[in-house]
Amino acid sequence: MAQTIEKAILECEPRIRIEKISIETPKPEEGILWIHLDFYIRQTNSRSNMVYPFYLKEGTNL
């Protein structure tokens, strides 16, 4: 999954360089997947990070 994310960013947002991608499943029974991105913007050399919670079972009434 990390390689797919890196490839998508490379193809869709070439101004960003990924330094690290980590993926966690803190509550796999609830279908939660956390994707952490450490990146910097090439033109400004600004460093930043993003944590995006992704719910595998979003919108279901289980």
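The structure holds 1 salt bridge. The model is predicted, and the mean pLDDT of its chain is 77. The secondary structure of the chain comes to 1 helix and 3 strands, which follow one another from the N terminus in the order α-β-β-β.

**The salt bridge**

- The partners in the salt bridge are the side chains of Glu13 and Arg15, with a distance of 2.6 Å from N to O.
- Side chains of opposite charge can pair when their charged atoms come close.
- Glu13 has a relative accessible area of 22%, and it therefore counts as partly exposed, since the buried class is reserved for values under 20%.

**Confidence of the prediction**

- A pLDDT of 70 or more is reached by 71% of the residues in the chain.
- Confidence is highest in strand E1, where the mean is 89.
- Confidence is lowest in strand E3, which covers residues 46–55 and has a mean of 58.

**The nonpolar core**

- The largest nonpolar core consists of 8 residues, namely Ile5, Ile9, Ile18, Ile21, Leu33, Ile35, Leu37 and Phe39.
- Three elements each supply at least two residues of this core: helix H1 (2–12), strand E1 (16–24) and strand E2 (32–41).
- Strand E2 gives the most to this core, with 4 residues.
- In soluble globular proteins, nonpolar side chains tend to be buried together.

**Strands E1 and E2**

- Strands E1 and E2 pair in the antiparallel sense, and 8 bridges join them.
- Ile16 stands opposite Ile41, a residue of E2.
- Strand E2 is mostly covered, as 7 of its 10 residues are buried.

**Ala2 in the helix**

- Ala2 is placed in helix H1.
- Because its relative accessibility is 27%, Ala2 counts as partly exposed; the partly exposed class lies between the limits of 20% and 50%.
- When residues up to four places away in sequence are not counted, Ala2 touches Ile21 and Ile23.
- Ala2 and Ile21 are separated by 19 residues in sequence, while their C-alpha atoms are 6.2 Å apart in space.
- Ile21 is also one of the residues of the largest nonpolar core.

**Arg42 in the loop**

- Arg42 lies in the loop between E2 and E3.
- Arg42 has a relative accessibility of 42%, so it counts as partly exposed.
- Leaving aside neighbours within four places in sequence, the contacts of Arg42 are Pro14, Arg15, Ile16 and Arg17.
- Among these contacts of Arg42, Arg15 is the residue that meets Glu13 in the salt bridge, and Ile16 is the residue that stands opposite Ile41.
- Arg42 and Arg17 are 25 residues apart in sequence, with 6.5 Å between their C-alpha atoms.

**The chain as a whole**

- The chain has 62 residues, and buried residues make up 19% of them.
- About 5,100 Å² of the chain is exposed, and carbon and sulfur atoms supply 52% of this area.
- Of the contacts in the chain with a separation of 6 or more, 22% are between residues 24 or more positions apart.

Technical notes
Residues are numbered from 1 along each chain as its sequence is written. This is a predicted model: local features need pLDDT of at least 70, side-chain atom pairs count only at pLDDT 80 or more; totals for chains, interfaces and linings use all residues. Side-chain values use heavy atoms; hydrogens and water are left out. A nonpolar core is a set of buried Ala, Val, Leu, Ile, Met, Phe, Trp, Tyr and Cys residues joined through side-chain atoms within 4.5 Å. Buried means under 20% relative accessible area, exposed over 50%, partly exposed in between (1.4 Å probe, protein chains only). pLDDT is the predictor's confidence in each residue, from 0 to 100. Contact means heavy atoms within 4.5 Å. Two strands pair if DSSP finds at least two bridges between them. Accessible areas come from the Shrake-Rupley method with a 1.4 Å probe; for residues, only the protein chains shown count as cover. A salt bridge is a side-chain nitrogen of Lys or Arg within 4 Å of a carboxyl oxygen of Asp or Glu.
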